[in-house]
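Got the viewer open and a cartoon on screen? Here is a walk through the model, one selection at a time.

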Amino acid sequence: MDLYAVFGNPVSHSKSPLIFNNFFKATNLNANYFRVLTFSAKNVFTIIKRLKINGANITSPYKTDIVEFLDDLSDNAKNINAVNTIKRSSDKFIGYNTDFYSVVKIIESLNLKNALVLGAGGAALAAVYALKKLNLPTTILNRTIKKADDLSKIYNCKFDSLKNIKNYKKKFDVIINTISDNNKFVNDNFFK
């Protein structure tokens with residue numbers, strides 16, 4: 001049986017096991033997908049190797065930390081410096097960033113003038129990278145202002161503290177929330 005897993009902390013919210021196990025069943029694949037709560041990126045990599053996991057998804061907070069343990073990265077993962085998918089190929093582990101593709105595919109078909117990104121972690125790296133590839137002016141809001149500033153310098157965009165979010169009401173065509181906790185930072189009347 002092939003093994004696949006999603007790793008993170010927290011990870012109980014992930015719908016990946018439901019999605020992938022239903023796919024495996026529908027396509028008669030002899031595979032199982034499960035969640036693993038871990039406490040470090042090194043721990044993630046150790047578990048992947050010991051359990052001989054064929055592929056993994058990486059969620060918060062390990063998308064950037066896992067990079068140092070991989071044998072190779074796709075071009076986009078190198079540019080973003082964050083990984084959300086790992087593929088085992090023989091004895092090598094290759095990191096990919098599929099968050100980037102998701103943002104591009106959704107945003108490129110819309111006629112947008114600007115974007116607001118909530119968060120400055122691994123998912124935000126992919127989102128801002130995609131938005132800049134699409135030449136969309138972007139502002140980053142984060143709880144830790146230094147992380148927002150650091151990310152804004154990489155991609156030449158604006159930044160601010162998340163506590164100032166009400167100052168941005170109705171100013172953006174799209175808001176991408178990359179913050180993993182369940183707080184709702186915007187409600188329906190926030191939008192145009």
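Start by selecting residues 72-73 and 92-96: these are strands β4 and β6, which pair in the parallel sense over two bridges. Show Asp72 as sticks and look across to β6, where Ile94 stands opposite. Keep in mind throughout that this is a predicted model.

**Over to β5**

Now add residues 85-89. That is β5, and its pairing with β6 is antiparallel, over five bridges. Two pairs are handy for checking the register: Thr85 has Tyr96 as its bridge partner in β6, and Ile86 stands opposite Gly95. Follow the chain from β5 into β6 and you go round a hairpin with two residues between the strands. Stop at Ser90 in that turn, where phi is positive at about 60°.

**The whole mixed sheet**

Zoom out a little. What is the order of the strands in this open sheet? Reading across, you should find β2-β1-β3-β5-β6-β4, six strands with mixed pairing. Colour β2 (31-37) and β4 to pick out the edges: each has a single partner strand, so one side of each is left without a neighbour in the sheet.

**Two helices with two sides**

Select residues 16-26 for helix α1, then show Ser16, Pro17 and Phe24, its buried residues. They cover an arc of only 90° around the axis, which puts them on the same side of α1. Swing round to the other side and you meet Leu18, Ile19, Lys25 and Ala26, which are exposed.

Then do the same with α2, residues 41-50. Which residues are buried here? Ala41, Val44, Phe45, Ile47 and Ile48 are. Look down the axis of α2: the buried residues fall within an arc of 160°, so they line one face of the helix. On the face turned away from that buried side, find the exposed Lys42 and Arg50.

**Backbone oddities**

Next, a few loops. Pick Asn9 and Pro10, which are joined by a cis peptide bond with omega of about 10°. Pro10 sits in the loop between β1 (2-8) and α1. Then jump to Ser60 and Pro61 for another cis peptide bond, this one with omega of about 5°. Pro61 belongs to the loop between β3 and β4.

Asn81 is worth a click too: its phi is near 65°, a positive value in a residue other than glycine. You will find Asn81 in the loop between α3 (75-80) and β5, partly exposed with a relative accessible area of 41%. Lys170 has a positive phi as well, near 60°. It lies in the loop between β9 and β10 and is partly exposed, at 43% relative accessible area.

**The parallel sheet**

From Lys170, move on to the strands around that loop. The order here is β9-β8-β7-β10, an open sheet of four strands with parallel pairing. Its edge strands are β9 (158-161) and β10 (174-177), each pairing on one side only. From one strand to the next, the twist averages 20°.

Select 115-118 to bring up β7, which is joined to the parallel β10 by four bridges. For one such pair, show Val117 and its bridge partner in β10, Ile176. Then cross to β9 and pick Phe159; at 34% relative accessibility, it counts as partly exposed. Try a distance label from Phe159 to Glu68: the two are 91 residues apart along the chain, and their C-alpha atoms are separated by 27 Å.

For a second label, choose Leu151 in helix α6. At 3% relative accessibility, Leu151 counts as buried. Its C-alpha atom is separated by 35 Å from that of Ser90, the turn residue from earlier, with their positions 61 residues apart along the chain.

**Last stop: the pocket**

Switch on a surface and look for the largest pocket, with a volume of about 1,100 Å³. Which residues lie nearest its centre? Select Ser60, Lys63, Gly122, Ala123 and Thr178, out of 43 residues that line the pocket. Ser60 is one you have already visited, at a cis peptide bond. Now colour β3 (55-58), α4 (98-107), α5 (122-133), α6 (145-155) and β10: each supplies at least two residues of the lining. Finally, colour the lining by class, and you get 17 nonpolar, 19 polar and seven charged residues.

Definitions and conventions:
Residues numbered from 1 in each chain as written. Predicted model: local features only at pLDDT ≥ 70, side-chain atom pairs only at ≥ 80, totals over all residues. Heavy atoms only, no water. Pairing = 2+ DSSP bridges. Axes fitted to C-alpha atoms, helices over the stretch in contact; angles between N-to-C directions. 1 Å grid on protein atoms, 1.4 Å probe; cavity = no way out; pocket = protein on both sides within 12 Å on 5 of 7 lines; lining within 4 Å. Points joined across faces, edges and corners; volume = space filled by probe spheres on them. Nonpolar A, V, L, I, M, F, W, Y, C, P; charged D, E, K, R; others polar. Buried < 20%, exposed > 50% of the residue type's maximum accessible area, 1.4 Å probe, protein only. Arc of directions from axis to C-beta.
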